[in-house]
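This report covers the salt bridges and the metal site of one protein chain. The sequence and the structure come first.

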Amino acid sequence: MQILHPFSGSIQQYDQEIVDPGRHRPDHCPQCEAKHPLTAHGFYRRTLVEVKFDGSIRVRRYLCPGCKRTVSLLPEFVLPYLRFSVSVIALFLIARLLEGRTLAAAAVAASQPHMPYQRGQFWIRRFQKQASALCAALAAKIAPMPAASFVLRALQMLQSVGWIVAHRFLFSELRQHLLGWPRFLAPHGRPAGLGPLLRPT
Ligand SMILES: [Zn+2]
């Protein structure tokens with residue numbers, strides 16, 4: 001299971017901060033509700049493209065001594081199952097869908113001038129599918145604004161709440177993915193077939 005931790009510094013600061021396993025250690029298991037702190041369980045690496053970073057980062061992992069399942073502590077600027085950060089995708093979607101720029105200009109705005117245009121189209125399709133659900137969920141944070149479409153309303157709500165704050169709320173409180181869960185993890189970010197294990201949120 002992946003959980004997020006609030007982290008607003010640079011990627012270099014993040015990498016130093018997670019060296020200390022006690023720093024953000026969960027004090028209970030989010031999967032079995034055992035009331036004892038989790039045990040540090042090493043790291044894994046994942047790729048990440050940020051506005052000024054393209055490489056891999058370490059992600060700290062913990063193990064629950066009760067249920068023997070692992071919990072990964074993802075920095076909140078990262079989107080689960082996507083290589084590109086919240087900020088990069090936000091900059092692209094704002095430029096393309098809110099400001100009406102071309103795919104190429106939106107890619108430049110997202111600091112990805114050489115990315116294939118299909119990637120941007122893929123983000124747009126996922127966002128469009130997710131827009132009405134985002135509006136409904138974010139209504140808990142901000143009054144819905146009048147807009148010509150769910151896409152525009154969702155973008156405006158995300159801009160007002162802040163993309164990373166919204167992502168943390170959606171993911172941590174609702175197990176909702178900013179761009180929708182990939183199909184193999186439907187419906188709530190867990191492998192299909194594990195439905196009965198889902199906790200109501
Ligand atoms: Zn557990």
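In this predicted model, Arg-101 and Glu-99 form a salt bridge in which the closest N and O atoms are 2.6 Å apart. Arg-101 is partly exposed, with a relative accessible area of 35%, and Glu-99 is partly exposed as well, at 45%.

The model has four salt bridges, among them those in the table.

| Basic residue | Acidic residue | N to O distance |
|---|---|---|
| Arg-101 | Glu-99 | 2.6 Å |
| Arg-58 | Asp-15 | 3.4 Å |
| Arg-23 | Glu-17 | 3.6 Å |

The salt bridge of Arg-58 with Asp-15 joins strand β3 to helix α1, so it ties together parts that are 43 residues apart in sequence. Arg-58 is partly exposed, with a relative accessibility of 21%, and Asp-15 is partly exposed at 28%. In the pair of Arg-23 and Glu-17, Arg-23 is exposed at 51% relative accessible area, whereas Glu-17 is buried at 15%.

The chain also holds a zinc ion, coordinated at 2.3 Å by the SG atoms of Cys-29, Cys-32, Cys-64 and Cys-67. Along the chain, these donors follow the spacing C-x2-C-x31-C-x2-C. Cys-29 is in the loop between α1 (11-17) and β2 (39-50), and Cys-67 is in the loop between β3 (53-63) and β4 (70-75), so this pair ties together parts that are 38 residues apart in sequence. Cys-29 is buried, with a relative accessible area of 0%, while Cys-67 is partly exposed at 22%. The angles among the four donor atoms of the zinc ion are 105 to 114°, and the site is tetrahedral. Ideal angles for four tetrahedral donors are 109.5 degrees.

Note on methods: Residues numbered from 1 in each chain as written. Predicted model: local features only at pLDDT ≥ 70, side-chain atom pairs only at ≥ 80, totals over all residues. Heavy atoms only, no water. Donors = N, O, S within 2.8 Å, 3.2 Å for Na, K, Ca; no water. Tetrahedral: all angles 85-135°; square planar, octahedral: opposite > 155°, others 65-115°. Helix = DSSP H or I, 4+ residues; strand = E, 2+ residues; numbered from the N terminus. Buried < 20%, exposed > 50% of the residue type's maximum accessible area, 1.4 Å probe, protein only. Salt bridge = Lys/Arg side-chain N within 4 Å of Asp/Glu carboxyl O.
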